[in-house]
Amino acid sequence: MIEVQNITKRYTAKVVAVENLSFQAKAGEIYGLLGPNGAGKTTTLRMLATLLEPTSGTLTVAGFDTKRQPEDVRRTIGVVNGGMGLYDRLTGKEILEYFAGFYNMGKQDTQKRIAELSDALEMNELLNRRASEYSTGMKQKIVIARAVIHNPSVLILDEATNGLDVVARRAVLEFARGYKNSSRVVLYSTHIMAEAEELCERAAIIDHGKLIAQDTISNLKQKANTNNLEEAFFRLTKGVA
Ligand SMILES: Nc1ncnc2c1ncn2[C@@H]1O[C@H](COP(=O)(O)OP(=O)(O)OP(=O)(O)O)[C@@H](O)[C@H]1O
Ligand SMILES: [Mg+2]
């Protein structure tokens with residue numbers, strides 16, 4: 001579903017954010033993209049989302065090339081990144097309707113989809129309140145619902161639980177778990193190892209833009225000779241494993 005092949009992203013002569021990175025994520029899995037601050041996670045996800053072009057290398061999503069078929073890629077993915085950017089004066093429902101319009105979804109489809117997402121994310125009556133009244137957790141639920149309004153087969157989550165309390169965080173993890181199925185994949189980027197351990201089958205660990213390791217979570221731990229993923233992450237990125 002997701003194929004990243006030998007990508008390099010050079011922002012300036014001095015800053016190489018991603019270097020020769022390759023990994024693949026298959027339908028039916030939640031794939032982790034793990035790395036410390038500045039590792040190149042967001043840069044990689046932005047290239048997958050067609051928001052940035054790689055300096056070299058190729059990225060394909062569901063068979064579509066990000067460079068040659070950017071519109072097909074955009075139709076296929078849903079992206080949750082740091083920014084919330086909700087229109088404060090609109091209600092959650094209006095925001096979702098507005099985005100459904102971008103994908104030319106019909107009225108009935110839109111209402112059906114909003115009802116489904118309202119159930120899945122437990123948004124219910126809050127959908128009819130204005131976004132300015134929402135808690136951070138509720139805002140993030142709208143951001144996630146907005147990202148998947150068009151039922152994309154690829155969901156990209158970049159630090160999607162940042163700043164959320166336990167309850168809201170749990171809701172996001174549950175949603176990610178419920179989202180993947182045999183024809184969908186979730187790419188989950190985080191530096192929180194407990195979340196990766198809980199959610200992901202496989203993961204790539206990157207640091208300074210380079211791939212450090214890529215494997216199942218249990219093999220990554222085995223490689224680093226520990227049964228704690230955080231410790232494995234530390235050992236692998238410090239090169240002491
Ligand atoms: N627009 C830009 N121009 C120049 N350098 C950039 C730009 N965006 C990111 N970088 C640099 O590229 C590197 C990778 O950044 P990136 O945001 O992809 O990392 P990240 O893994 O998402 O980190 P974090 O965990 O802090 O979100 C960093 O060194 C960063 O300073
Ligand atoms: Mg980032």
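In this predicted model, the shell around ligand 1 comprises, by class, 4 nonpolar, 7 polar and 1 charged residues. The residues concerned are Tyr11, Val15, Ala17, Gly35, Asn37, Gly38, Ala39, Gly40, Lys41, Thr42, Thr43 and His191. Helix 1 makes the greatest contribution to this shell, supplying 3 residues. Helix 1 spans residues 41-48, and because 6 of its 8 residues are buried, the helix is largely enclosed by the rest of the structure. The buried positions are Lys41, Thr43, Thr44, Leu45, Met47 and Leu48, and two of these names, Lys41 and Thr43, also appear in the list of residues around the ligand. Just beyond the end of helix 1, the backbone of Thr50 adopts a positive phi of about 70 degrees.

Two helix pairs were examined in the terms customary for such packing, in which two packed helices are described by the angle between their axes and the distance between the axes. For helix 3 (residues 92-102) and helix 4 (residues 107-120), the axes come within 10 Å and cross at roughly 130 degrees, which means that helix 3 is oblique to helix 4. The crossing of helix 3 past helix 4 is right-handed. On the side of helix 3 the contact is formed by Lys93, Leu96, Glu97 and Ala100, and on the side of helix 4 by Thr110, Arg113 and Ile114. Sorted by class, this contact of helix 3 with helix 4 contains 3 nonpolar, 1 polar and 3 charged residues. An α-helix has 3.6 residues a turn, so residues three or four places apart point the same way.

The loop that joins helix 3 to helix 4 contains Asn104, a residue that has a positive phi of about 55 degrees although it is not a glycine. Asn104 is classed as exposed because 8 other C-beta atoms lie within 10 Å. A further non-glycine residue with a positive phi is Asn225, for which the value is near 60 degrees. Asn225 is placed in the loop between helix 8 (217-223) and helix 9 (229-238), and with 10 other C-beta atoms within 10 Å, Asn225 is likewise exposed.

In the second helix pair, the axes of helix 5 and helix 6 (residues 166-179) come within 9 Å and cross at roughly 15 degrees, so that helix 5 is roughly parallel to helix 6. Here, too, the crossing is right-handed. Helix 5 enters the contact through Gly137, Gln140, Lys141 and Ile144, whereas helix 6 enters through Val167, Ala168, Ala171, Val172 and Phe175. The class composition of the contact between helix 5 and helix 6 is 6 nonpolar, 2 polar and 1 charged residues.

One of the helix 5 residues in that contact, Lys141, is also approached by Met123, a residue of the loop between helix 4 and helix 5 (136-147). Although Met123 and Lys141 are separated by 18 residues in sequence, their C-alpha atoms are 7.5 Å apart in space. When residues up to four places away in sequence are left out of account, Met123 touches Gly92, Ser118 and Lys141. Met123 counts as buried because there are 22 C-beta neighbours inside 10 Å; this assignment sets Met123 apart from the loop residues Asn104 and Asn225, both of which are exposed.

Definitions and conventions. Residues numbered from 1 in each chain as written. Chains lettered and ligands numbered in written order. Predicted model: local features only at pLDDT ≥ 70, side-chain atom pairs only at ≥ 80, totals over all residues. Buried ≥ 20, exposed ≤ 12 C-beta atoms within 10 Å, placed from the backbone. Helix = DSSP H or I, 4+ residues; strand = E, 2+ residues; numbered from the N terminus. Near = placed C-beta within 6 Å. Nonpolar A, V, L, I, M, F, W, Y, C, P; charged D, E, K, R; others polar. Axes fitted to C-alpha atoms, helices over the stretch in contact; angles between N-to-C directions. Parallel < 35°, antiparallel > 145°, perpendicular 65-115°, else oblique. Left-handed = near helix turned anticlockwise from the far one by under 90°. Contact = placed C-beta atoms within 7 Å.
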